[in-house]
Amino acid sequence: QVQLVESGGDLVQFGGSLRLSCAASGSAFSINAMGWYRQAPGKQRELVADITSAGNTNYADSVKGRFTISRDNTKDTVYLQMNSLKPEDTAVYYCTAVVKFTSGRFNYRYWGQGTQVTVSS
């Protein structure tokens, strides 16, 4: 099993910044892609950004130029730097990781418990 623990969610004013962190723990695994999704009340969960083990990134159009995803492979940790936050960014943000165990040949996706980001206008 792999556990993902997020931190950094908070209440912030319009135009403010936050940095989310997500650390993976477990044993005998390697991480392929890591990323962040979000879910606002009454809406479906959507991709915010993801990053491969090689550092290739992908962003939702709504956050391009404002959010930056990065990862520290030595710490199995992914970060999401969020700048110029808007009220429409308000959501629960979920960390996700695609992992492969050394004893197997399949990839598995894990999710964190979510962290609340609220942007006031």
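In the predicted model, Gly8 touches Leu18, Arg19, Leu20 and Thr115, leaving out residues up to four places away in sequence. Gly8 lies in the loop between strand 1 and strand 2 (11–13). Leu18 is ten residues from Gly8 in sequence, and the two C-alpha atoms are 7.0 Å apart. With a relative accessible area of 32%, Gly8 is partly exposed: the value falls between the 20% limit for buried and the 50% limit for exposed.

The chain holds eleven strands and zero helices. Read from the N terminus, the elements are β-β-β-β-β-β-β-β-β-β-β. The radius of gyration is 14 Å, close to the 14 Å that the globule rule gives for 121 residues, so the chain is as compact as a globular protein of that length. The C-alpha trace spans about 50 × 25 × 20 Å along its principal axes. Of the 121 residues, 40% are buried. The accessible surface comes to about 6600 Å². Carbon and sulfur atoms account for 47% of that surface. Among contacts with a separation of 6 or more, 56% link residues 24 or more positions apart.

Four of the strands form an open sheet. Their order is 1-3-8-7, and the pairing is antiparallel. Strand 1 (2–7) and strand 7 (67–72) are the edge strands, and each pairs on one side only. From one strand to the next, the twist averages 15°. Within this sheet, strand 3 (residues 18–26) and strand 8 (residues 77–82) are joined by six bridges. These two strands run antiparallel.

Cys22 belongs to strand 3. The bridge partner of Cys22 in strand 8 is Val78. Cys22 has a relative accessibility of 0% and therefore counts as buried. Cys22 and Thr77 are 55 residues apart in sequence, yet their C-alpha atoms are 5.4 Å apart in space. Outside a window of four places in sequence, Cys22 touches Leu4, Val5, Glu6, Met34, Trp36, Asp76, Thr77, Val78 and Cys95. Thr77 and Val78 in that list fall within strand 8. Leu4, Val5 and Glu6 fall within strand 1, an edge strand.

A further set of pairings centres on strand 4 (residues 29–39). Strand 4 is joined to strand 9 by nine bridges, and the two run antiparallel. Arg38 stands opposite Tyr93 of strand 9. Strand 4 also pairs with strand 5 (residues 46–51). Five bridges join strand 4 and strand 5, again in an antiparallel arrangement. Here Trp36 has Ala49 of strand 5 as its bridge partner. The hairpin of strand 4 and strand 5 has six residues between the strands. In this hairpin, Gly42 takes a positive phi near 80°. Trp36 also appears among the contacts of Cys22.

Thr96 is placed in strand 9 (residues 91–101). Its relative accessibility is 2%, so Thr96 counts as buried. The side chain of Thr96 makes a polar contact with the side chain of Arg109, at 2.9 Å. Beyond its neighbours within four places in sequence, Thr96 is in contact with Leu4, Ala33, Met34, Gly35, Tyr37, Arg109, Tyr110 and Trp111. Four of these residues, Ala33, Met34, Gly35 and Tyr37, fall within strand 4. Leu4 and Met34 are contacts of Thr96, and Leu4 and Met34 are also contacts of Cys22.

Arg66 is found in the loop between strand 6 (57–59) and strand 7. At 10% relative accessibility, below the 20% limit, Arg66 counts as buried. With neighbours within four places in sequence set aside, Arg66 is in contact with Gln81, Met82, Asn83, Ser84, Leu85, Lys86 and Asp89. Gln81 and Met82 fall within strand 8.

Note on methods: Residues are numbered from 1 along each chain as its sequence is written. This is a predicted model: local features need pLDDT of at least 70, side-chain atom pairs count only at pLDDT 80 or more; totals for chains, interfaces and linings use all residues. Side-chain values use heavy atoms; hydrogens and water are left out. Two strands pair if DSSP finds at least two bridges between them. Axes are lines fitted to C-alpha atoms, for helices over the stretch in contact, and angles run from 0 to 180 degrees between N-to-C directions. Buried means under 20% relative accessible area, exposed over 50%, partly exposed in between (1.4 Å probe, protein chains only). A polar contact is a pair of N or O atoms within 3.5 Å; within protein, one must be able to donate a hydrogen and the other to accept it, and residues adjacent in sequence count only if both atoms are side-chain atoms. Contact means heavy atoms within 4.5 Å. The radius of gyration is taken over C-alpha atoms; the globule rule is 2.2 Å times the number of residues to the power 0.38. Accessible areas come from the Shrake-Rupley method with a 1.4 Å probe; for residues, only the protein chains shown count as cover.
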